[in-house]
Amino acid sequence: MKKDFKCRVCGCTKYSTKTISNGNGVVGFGGRAIVEYYYCNNCSAIFKDPKKFSLSKK
Ligand SMILES: [Zn+2]
């Protein structure tokens, strides 16, 4: 994973990954019950795709 992420909300360059399971924590082998998302370490903004959420370097 590249480290060129930059939060578009606060400019923080660090984020964490969080994986949660839908339902009551029962997850099958299909993996469909798992939802993975990311959040900014500084402002806690939640996003699904760091590349799209990151500020572009244009
Ligand atoms: Zn942020």
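**Exercise 1.** In this predicted model, determine whether Asn42 counts as buried, partly exposed or exposed.

*Solution.* Step 1: count the C-beta neighbours of Asn42 inside 10 Å, which gives 14. Step 2: apply the cut-offs, by which 20 or more means buried and 12 or fewer means exposed. Step 3: because its count is 14, Asn42 is classed as partly exposed.

**Exercise 2.** Locate Asn42 in the chain and state which residues beyond four places in sequence are in contact with it.

*Solution.* Step 1: Asn42 belongs to the loop that joins strand E2 (34–40) to strand E3 (46–47). Step 2: with neighbours within four places in sequence set aside, the contacts of Asn42 are Cys7, Cys10 and Cys12. Step 3: for Cys7, the separation from Asn42 is 35 residues in sequence, while the C-alpha to C-alpha distance is 8.9 Å.

**Exercise 3.** Describe the connection between E2 and E3.

*Solution.* Step 1: the two strands pair in the antiparallel sense, with 2 bridges. Step 2: in one of these pairings, Tyr38 has Phe47 of E3 as its bridge partner. Step 3: E2 and E3 make up a hairpin with 5 residues between them, and Ser44 in the turn has a positive phi of about 65 degrees.

**Exercise 4.** Derive the strand order of the sheet and identify its edge strands.

*Solution.* Step 1: strand E1 (residues 15–21) pairs with E2 in the antiparallel sense over 7 bridges. Step 2: among the bridge partners, Tyr15 is matched with Cys40 in E2, and Thr17 with Tyr38 in E2. Step 3: the result is an open sheet of 3 strands in the order E1-E2-E3, with antiparallel pairing. Step 4: E1 and E3 are the edge strands, each pairing on one side only.

How values were computed: Residues are numbered from 1 along each chain as its sequence is written. This is a predicted model: local features need pLDDT of at least 70, side-chain atom pairs count only at pLDDT 80 or more; totals for chains, interfaces and linings use all residues. Two residues are in contact if their C-beta atoms, placed from the backbone, lie within 7 Å. Two strands pair if DSSP finds at least two bridges between them.
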